[in-house]
Amino acid sequence: MNALLGLAKNIAINNFKDLRYPHRFTYILTYRCQFKCRICNIWNKPSAEEMTLEQIKKFFEKSNQFYWVNLSGGEIFLRSDLAEIIEVLFKNCKRLFLLDFPTNGFQTTVILDTVKRILNTYKLPKLLVTVSLDGPRQVHEQLRNVEGSWLRAVETFRQLRKLRSRRFEVFFGMTLQPENKFSFPQTIREVDKEIGAVKTRDFHINLMQRSEHYYGNAEMAESQDTDGLWESFERIARLRDDFPLSPVGLLERSYQRLSRKYLDKRVTPLPCQALSASFFMDPSGNVYPCSIYDKPLGNIADFDYDIRMLWDTEYRRRSRKEIRQGSCPQCWTPCEAYQSILANMLPFARRMKIDQGNLS
């Protein structure tokens, strides 16, 4: 309860001004991945020199005031020391309310064992896992370039679904792109036929994004089919069956509704909270504002593994000012959108924040 209250307090403050310490942290554990997805070149990036377990321990010993941590990749389950990393995370981050991570679902047994271990070993209030699934079987495997990947992902979801509780939720994550934009209904039907009892609320939908430093796909052409993508969003919205007061469902609906503004103008529809509520760190410890903005702020080792030291730099403050002014690539990825939605829930507070020009 203390962790939830702490997160709620930070969100409330963030509706009026920038935060002095980020409450959300995205950490890319590895670029390694078994898949060769069409819209993502992470698998083709040069091997990064990943932070060692000892370096990760130093980081979390000094940077541990997070309420929300997102672990991502690549595929995080390709790190043989993942269990030890998670142990270090929980040992040091006493305020942690929410841990979430995506997976391609290929290593069902390893994924299931890890989730069980987290739930049975640590007193984490909330754990969310997203299993990537980009369409019906044929479409998914064409986009992911791995035969058998659809069935593995669906089986991983089926096994994880058995563990659902107040503390744990699992979803499918579907990235809309030209090849799958109208395949959501068929995806639901095929998955339901395979494992049964599948709802539209089991799916999180997001838009394809481009990023040089993360996805390595900046040269890919951006889809110009704005009307087609939005029509797909509208169809999905009509099918949604969220629980009325589900916080996750409310965020998902807000993300989809605001996607129209993004698709029309390719401008972030809400004031972004990168370098206020959140930041991004790659496998080598290089810190960026987010997954999209290719602007390194430095390596965490150069700041004695203490994010507060980096947060207090003039460069971070200037970079935050650029983001507030919209001088960044502009995106609408859930990795950045969710904390921005939460920080802009009070329209009068948002206007006050802009008028005051708070640049803390």
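Here are three short exercises on the structure above, each with a worked solution.

We're working with a predicted model, where local features need pLDDT of at least 70, side-chain atom pairs count only at pLDDT 80 or more, and totals for chains, interfaces and linings use all residues. Residues are numbered from 1 along each chain as its sequence is written, and side-chain values use heavy atoms, with hydrogens and water left out.

**Exercise 1. Work out whether the radius of gyration of the protein chain agrees with that of a compact globule.**

Step 1: Take the rule, which is 2.2 Å times the number of residues to the power 0.38, with the radius taken over C-alpha atoms.

Step 2: For 360 residues this gives a value near 21 Å, and the chain has 19 Å, so the two agree.

Step 3: Look at the box too: along the principal axes, the C-alpha atoms fill roughly 55 × 45 × 40 Å.

Step 4: Check burial. Buried residues make up 57% of the 360, where buried means under 20% relative accessible area, exposed over 50%, and partly exposed in between (1.4 Å probe, protein chains only).

**Exercise 2. Describe how helices H8 and H9 are arranged.**

Step 1: Find the helices, H8 at residues 226-239 and H9 at residues 247-265. Helices here are DSSP runs (H or I, at least four residues), as are strands (E, at least two), numbered from the N terminus.

Step 2: Get the geometry. Their axes come within 10 Å and cross at roughly 170°; axes are lines fitted to C-alpha atoms, for helices over the stretch in contact, and angles run from 0 to 180 degrees between N-to-C directions.

Step 3: Name the arrangement. That crossing makes H8 roughly antiparallel to H9 (the label is for angles over 145 degrees).

Step 4: List who's touching, with contact meaning heavy atoms within 4.5 Å. H8 brings residues including Trp230 and Phe233, while H9 offers Tyr255 and Leu263, among others.

**Exercise 3. Compare the settings of Ala197 and Val267.**

Step 1: Place them. Ala197 is in the loop between helix H7 (184-195) and strand E6 (203-207), and Val267 is in the loop between H9 and strand E7 (278-281).

Step 2: Check exposure. Ala197 has a relative accessible area of 59%, so Ala197 is exposed; Val267 has 39%, so Val267 is partly exposed.

Step 3: Find the neighbors. Leaving out residues up to four places away in sequence, Ala197 touches Arg161, Asp192 and Asp202, and Val267 touches Lys261, Tyr262 and Gln330.

How values were computed. Angles under 35 degrees count as roughly parallel, over 145 as roughly antiparallel, 65 to 115 as roughly perpendicular and the rest as oblique.
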